[in-house]
Each structure stands twice: as C-alpha cells, then as structure tokens.
Amino acid sequence: PASVNQIKAKLIHAGFYGREAVGMYMGARAISLVLATVAVVLLLPWAIAGGGGMLALCMASILAGVGIMGPDQLLQARTRARQIEYREGFPDLLDLLVASVEAGLSLDAAIGRVTEELTRRYPNMSVHLRVLTLELRAGRARKDAWGGLAERLGIDEAHSLATMLRQAEEMGTSLGETLAVFSDDMRAKRMLKAEEKAMALPAKMMI
C-alpha cells in the first residue's frame, strides 16, 4: 500500500532501515496514544473537582498533543539532523569523486574508495553509500542505483546528481566532466550559504 511505502520512506530518512521498523513505529504510535489517553482520563476527576481545573485541562491538552504528535516529531527531528549531515557532506563527496575519476578510477570503483574516506566524518551518509556500492556490485543499473540513493537521502542535491548522471549516461557525455561541473555548482552554493549566514550574524548578535 502507498501509505506503508510512505512510512518506510519516512523511517529510512530518519535512519531506521530494518524490516521491522514499520511495525515498531506503528506500535510506538499506538502505545503513545494509549498512555496519553490513560493520563487524560486520570486527570479528568481533578479537572471536574474544580480545585485545579485549568491546570488539569492544560496538562491533559499537552499530554494529548504529545501522544498524537510525539512519534512524528521525533522522526522529523532525526530526519532534519541527518539531512544537515548529508547536505554538508555532499560537496565533499563530489570533490572526492571528481578526484578519483580524474585519477583513472571508474565511477563505481570511485564510490567504494570515497565511502572509506567519508566514514569518520559523515557516518550516516556512508551507510547509504555502502548500500549504493553493494547494489552496483550486484548488477543494478547505475541510474536506478543512484536514484535509490537520492530517495534514501531525501535531499535535492542527490536527486539533481542522479538526474545528471542518468542524462550523461543516456547522451554519452563524460561522467568525469559531468561530476566536475556539478561539483563546482555545489561549491558555489556552499559559499553562498556561508555568505548568507555571515551577513545575518550581526543582526542576530544585536538581538
């Protein structure tokens, strides 16, 4: 079902890759709702009694909100943290790929070499790169393997790279040149973001 696939995609973006992840997520949501319901029911007599009615209602509302939204908020927080790592590591990934391809390695071999270099600094991204390497070794089409990587990372940069590599393969363009152009573009975007943060810093310091 589409809903199950969407949940799987959300869990993968948050770093939960196991087959049982969907079941555990649904179970956690159910338990959270049950606990919130029990807490609200226990608070109702206090609210009805009138001694601390408003406080009890506020606490009940907070607990209900945590029960309903808590698991999804945790997933979103993990996803944001990982996507920050992916965006920070993507320009480094491209630079190393360009250097490896220009040194004479094939793109598939370069991925394995680059993964080893990035493991310490970007461990979460390295997990996805290892999956990409295994898929390529297993014979999956390159465009499909890179498309799968983009889906797992969930960032625009990965989708753009997958599209560029697919187009380069279909049109017979040099992969090395394609990676070099894309790497320069990523470097320019990184500098722009750094300049934006630097320009916003004085205003933040004044506040």
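## Close-up views of the predicted model

**View A. Glu116 is exposed in this predicted model, and its charged partner lies in the same helix.** The relative accessible area of Glu116 is 58%, which places this residue over the 50% that marks an exposed position. Its side chain forms a salt bridge with Arg113, and the closest N and O atoms of the pair are 3.7 Å apart. Arg113 and Glu116 both belong to helix H4, which covers residues 107–118, and they are separated by 3 residues, or about one turn of the helix. Arg113, at 39% relative accessibility, counts as partly exposed. Side chains of opposite charge can pair when their charged atoms come close.

**View B. A salt bridge between Glu135 and Arg152 joins two helices.** The N to O distance between the side chains of Glu135 and Arg152 is 3.7 Å. Glu135 is found in helix H5 (residues 123–137), whereas Arg152 is found in helix H6 (residues 142–153), so the pair ties together parts of the chain that are 17 residues apart in sequence. Glu135 and Arg152 are each buried. Elsewhere, Arg113, Glu116 and Glu117 are joined into one network by salt bridges that share partners.

**View C. Lys10 and Asp72 meet in a salt bridge that links distant parts of the chain.** The search of the whole structure finds 9 salt bridges, and in the one between Lys10 and Asp72 the closest N and O atoms are 3.6 Å apart. Lys10 lies in helix H1 (residues 2–13) and Asp72 in helix H3 (residues 53–102), with their positions 62 residues apart in sequence. Lys10 is partly exposed, at 39% relative accessibility, whereas Asp72, with a relative accessible area of 18%, is buried because this value falls under the 20% limit. When neighbours within four places in sequence are left aside, the residues in contact with Asp72 are Lys10, Tyr25 and Arg29.

**View D. The largest pocket has a lining of 17 residues and holds about 450 Å³ of space.** Among the lining residues, Arg87, Glu88, Glu157, Arg190 and Lys193 lie nearest the centre of the pocket. Two or more lining residues come from each of H3, helix H7 (156–171) and helix H8 (175–206). Sorted by class, the lining of this pocket comprises 9 charged, 6 nonpolar and 2 polar residues.

**View E. Arg190, in helix H8, is in contact with Asp92, which lies in helix H3.** Arg190 is one of the residues nearest the centre of the largest pocket, and with a relative accessible area of 34% Arg190 is partly exposed. Apart from its neighbours within four places in sequence, Arg190 has contacts with Glu88, Pro91 and Asp92. Asp92 is buried, with a relative accessible area of 16%. Setting aside neighbours within four places in sequence, Asp92 is in contact with Leu118, Arg121 and Tyr122 as well as with Arg190. For orientation across a wider field, Arg190 and Ser126 are 20 Å apart in space, C-alpha to C-alpha, and 64 residues apart in sequence.

**View F. The largest nonpolar core contains 30 residues.** Within this core, the residues with the most contacts are Phe90, Leu97, Met125, Trp146 and Leu179. The elements that give two or more residues to the core are H3, H4, H5, H6, H7 and H8, and H3 gives the most, with 7 residues. Phe90, taken without residues up to four places away in sequence, touches Met125, Leu153, Ile155, Glu157, Ala158, Leu161, Phe182 and Met186. Another core, lying apart from the largest one, has 7 residues, among them Ile7, Ala14, Ala21 and Val22.

Definitions and conventions
Residues numbered from 1 in each chain as written. Predicted model: local features only at pLDDT ≥ 70, side-chain atom pairs only at ≥ 80, totals over all residues. Heavy atoms only, no water. Salt bridge = Lys/Arg side-chain N within 4 Å of Asp/Glu carboxyl O. Helix = DSSP H or I, 4+ residues; strand = E, 2+ residues; numbered from the N terminus. Buried < 20%, exposed > 50% of the residue type's maximum accessible area, 1.4 Å probe, protein only. 1 Å grid on protein atoms, 1.4 Å probe; cavity = no way out; pocket = protein on both sides within 12 Å on 5 of 7 lines; lining within 4 Å. Points joined across faces, edges and corners; volume = space filled by probe spheres on them. Nonpolar A, V, L, I, M, F, W, Y, C, P; charged D, E, K, R; others polar. Core = buried A, V, L, I, M, F, W, Y, C linked by side-chain atoms within 4.5 Å. Contact = heavy atoms within 4.5 Å.
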